[in-house]
Structure formats: C-alpha cells, structure tokens
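Hi there,

Here is the structure I promised to pass on to you. Have a look at it first, and then read on for my notes on what turned up.

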Amino acid sequence: MAKADFSSPNVLIYPALKTGKLEVIADAMAREVITDDNGKATGVSYVSKEDMLEYQVDGRVVILAASACETARLLLNSKSQRHPNGLANSSNVVGKYLQDSNGTAMGGYLPELFGRKRYNEDGVGGMHVYTPWWLDNKKLDFPRGYHIEYWGGFGQPAYGFGMGMQGINGKYAVNGKKKEAGGYGASLKEDQRYFYGANVGMAGRGEAVAFEHNKCEIDPNTVDKYGIPVLRFDVTQSDHEIKQAKHMKETFREMMHNMGAVITWGDDGTPENKYGLDKPGYIIHEAGTARMGDNAKTSALNKWSQAHDCNNLFCVDGSQFTSQADKNITWTILALSMRASEYIIDEMKKQNL
Ligand SMILES: Cc1cc2nc3c(=O)[nH]c(=O)nc-3n(C[C@H](O)[C@H](O)[C@H](O)COP(=O)(O)OP(=O)(O)OC[C@H]3O[C@@H](n4cnc5c(N)ncnc54)[C@H](O)[C@@H]3O)c2cc1C
C-alpha cells in the first residue's frame, strides 16, 4: 500500500493492528465517556450502527481523538454527578474558542505557458511550492499571519476542473485563430492540449484569533439518528480575519499581475463579501474546543493533553489547541498525540494511571 499520502488508517491503524495489541470496534458511534463515583473515566458507551443497541467498552485510560468538535460533543454529553457541566469542563471552556484557519484564494492562467512542453510533474498534490509568513505585524492593521499554497502544473486533466477554459473564452488565439474554448471532439482535444498546465492559483491559510464567544454547544432540542444530542454552532469572524483576507487578496493580485497571469476567478474581494474570506469551518482545521493550559480555571487540559478534572482522560485532536498559528493543523495534532502517548506509557509504568 502506498504511504506517500498520509491518512491515519493507512499510516497508523494498519501497522498498529499488525502488533496484535489493537482491537478495532468498527461501526460504533461513541455516545459519552463513562465515569465512576470518584469522577474517573472508566470507559466509553457507544451505539452499534449494526443493531442500534448501546454497548460499553471499559478502559484504564480513555483517549478522545474524534476531531475538535466531536470531542467537545462527547465531553459535553458526558454529564454526571461529579461532572455536572460535562466532563473536563469545570472551567466552562469546552466548546468555546472554536477556530478554523482563515482562507481565501485566487487563480487564472499564465499565457506564457500555453502549449507548454510536457514532462512528469506527478506528486502528492499541489505544486510543492509554499510561502511561509514573511511580514511584520507591527506594520500591518491585523494580528497574526498566513502562508500561501500554490496550484498549477500537470494535474489529472478534466474539463472544467482545473482547466476552467470558460474563463478565458475568446481571449487567446490557437493556431492563429481566436478561439471559443469548449465544444466536443477535435476542438475539445485541441483546447485540452493547448491550455493544459497553464493554470495557476494560490490560497492563503491564516491564523484566526481565538475568541471565547466563538463556540459549539449541545443543542437541547436535536438528537442524531442514534439518539445522541448534536452540536449547534455560533461563530463570527472578526475584523482581524477580514483584514487578513483583504491583505491576502491584495498580495495574490500583485503576484498574478507581476507574473503576467490572467486572473479568471477569485478577484472578487469587497468589504461586503469579507474580501472572499471562506466561511468558518470551510478550511476544515477546527480547533480550540478543549484548550490546553496550566490553569485549571481557564483551560480543560494540561500540557500533556490530560484533563485537569479527570486524570485518566486525554484529548489528542485539534480540541487541545489554544491557537494554530498559520500552519495546517495535522502535523501538530500528530506531534501532540505522540507526546501524550509517551506520557501515558510513562505514567502507567509509574502506576500513576
Ligand atoms: C478535504 C480535507 C483536506 C484536508 N487537508 C489538510 C491538509 O492539507 N493539511 C492538514 O494539516 N490538514 C488537512 N485537513 C485537516 C485534517 O484532515 C484534520 O486536521 C485531521 O484529520 C484531524 O485529525 P483528528 O484525528 O483530530 O480527526 P479525524 O481525522 O477527523 O479523525 C476522527 C475520527 O474519529 C471518528 N469519530 C468521530 N466521532 C466519533 C464518534 N462519536 N464515535 C466513533 N468515532 C468517531 C471519525 O470517524 C474519525 O475516524 C484536511 C481535511 C479535509 C477534510
């Protein structure tokens, strides 16, 4: 199995299964973490997707890794006498400080590359080009930064996707003739060959400021098909995010202009549409809903991803982040998971867990 493109089943779960020490209970929808009279976690209850009945799995330690919002949902649904506000939530921060990366994008064509030479640009995706944050916030009107990812090259060709020829209709000549892009048969093939590899695009991924009022919480009136209460969301992007998106658009426009590209999409930034800032959740880098910190009054987890209120409970996904910088989130999730795992092994050996 190819391992060039990371996914947790591929890279983590199959090798773990091979050790013979892992049992996977599939088709199981976790409902809540079960705790005992002392407030310690004893296991997880789940609904089987096969027979819709409820079961329980016991554990000396419970580790939640359900992604930021679902982990908050599990914690908030795990109410008990010892944890009346939900598990790990005496600080009342679970579900709050919800944040996603800021994102907006722009793209078009580089006429210089029309009819370009073919060569192999196969890769895991993207252009293998990346611009880290490079500016000084003291000279800007927004905090935090963003990085830029680029698209282009010889991706799998498909009419419409990645080609977007309609955007350049009639603007360029093919074999000396002005051309309406599109059509069927020979004309379609001619377009594909001519425009293929000339597209260029870029997207910003920026750090949002974490605010307590941006939150998910249990909807008291709605359950899913397993009978488990669902989340509802209340997130508003601030002026910081909008100004950052404006800066992204201005930067992209300048780059496209300076490289001689024709912009065919994404040059739509106005104050009314928040400069094309993607909606919260669109970039799929949710984080912050069980924040980590030294102070148990203002955070849910300590620096080992361990609940302040329940020492044998750990949350190892994006929920533990207080901030996610401008970097994509997953490597840091993996690093923190590894750190928490080593700590758990160590603490178990010392009989502290
Ligand atoms: C299209 C797409 C592109 C992305 N691209 C990038 C990228 O380029 N770079 C990057 O850094 N990140 C990227 N991300 C984000 C990345 O996928 C997430 O940050 C990462 O998967 C989070 O890992 P996790 O283990 O916390 O959660 P997940 O990977 O979401 O894993 C959670 C698991 O828990 C299971 N689960 C959830 N709730 C329950 C429940 N109640 N009961 C039982 N099981 C449950 C889910 O089925 C899932 O298997 C991308 C995400 C998407 C969707």
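Let me begin at the ligand: a polar side-chain atom of Thr330 sits 2.7 Å from one of its nitrogen atoms. Taken alone, the ligand exposes 980 Å², and the protein buries 49% of that. Please keep in mind that this is a predicted model.

Two further contacts involve ligand nitrogen. Glu70 places a polar side-chain atom 2.7 Å from a nitrogen atom of the ligand, while Ala30 comes to 2.8 Å with a backbone N or O atom. In total, 14 residues surround the ligand, and Asp317 and Asn328 are listed among the closest, along with Ala30, Glu70 and Thr330. By class, that shell has eight nonpolar, four polar and two charged residues. Strand β1 (28-35) and helix α5 (330-349) each supply at least two of them, with β1 giving the most, three residues.

Now the fold. The protein chain has five helices and 15 strands. One open sheet of three strands runs in the order β4-β15-β14, with mixed pairing. Its edge strands are β4 (62-64) and β14 (306-307), each paired on one side only. β4 pairs with β15 (residues 310-315) in the parallel sense over three bridges, and there Ile63 stands opposite Phe314.

Some totals for the protein chain: of its 353 residues, 42% are buried. Among contacts with a separation of 6 or more, 66% join residues 24 or more positions apart. The chain exposes about 19,300 Å², with carbon and sulfur atoms supplying 53% of it.

Happy browsing, and best wishes!

Methods:
Residues numbered from 1 in each chain as written. Predicted model: local features only at pLDDT ≥ 70, side-chain atom pairs only at ≥ 80, totals over all residues. Heavy atoms only, no water. Pairing = 2+ DSSP bridges. Helix = DSSP H or I, 4+ residues; strand = E, 2+ residues; numbered from the N terminus. Buried < 20%, exposed > 50% of the residue type's maximum accessible area, 1.4 Å probe, protein only. Contact = heavy atoms within 4.5 Å. Areas by Shrake-Rupley, 256 points an atom, 1.4 Å probe, with all protein chains shown as cover. Near = heavy atom within 4 Å. Polar contact = N/O pair within 3.5 Å; in protein donor to acceptor, adjacent residues only side chain to side chain. Nonpolar A, V, L, I, M, F, W, Y, C, P; charged D, E, K, R; others polar.
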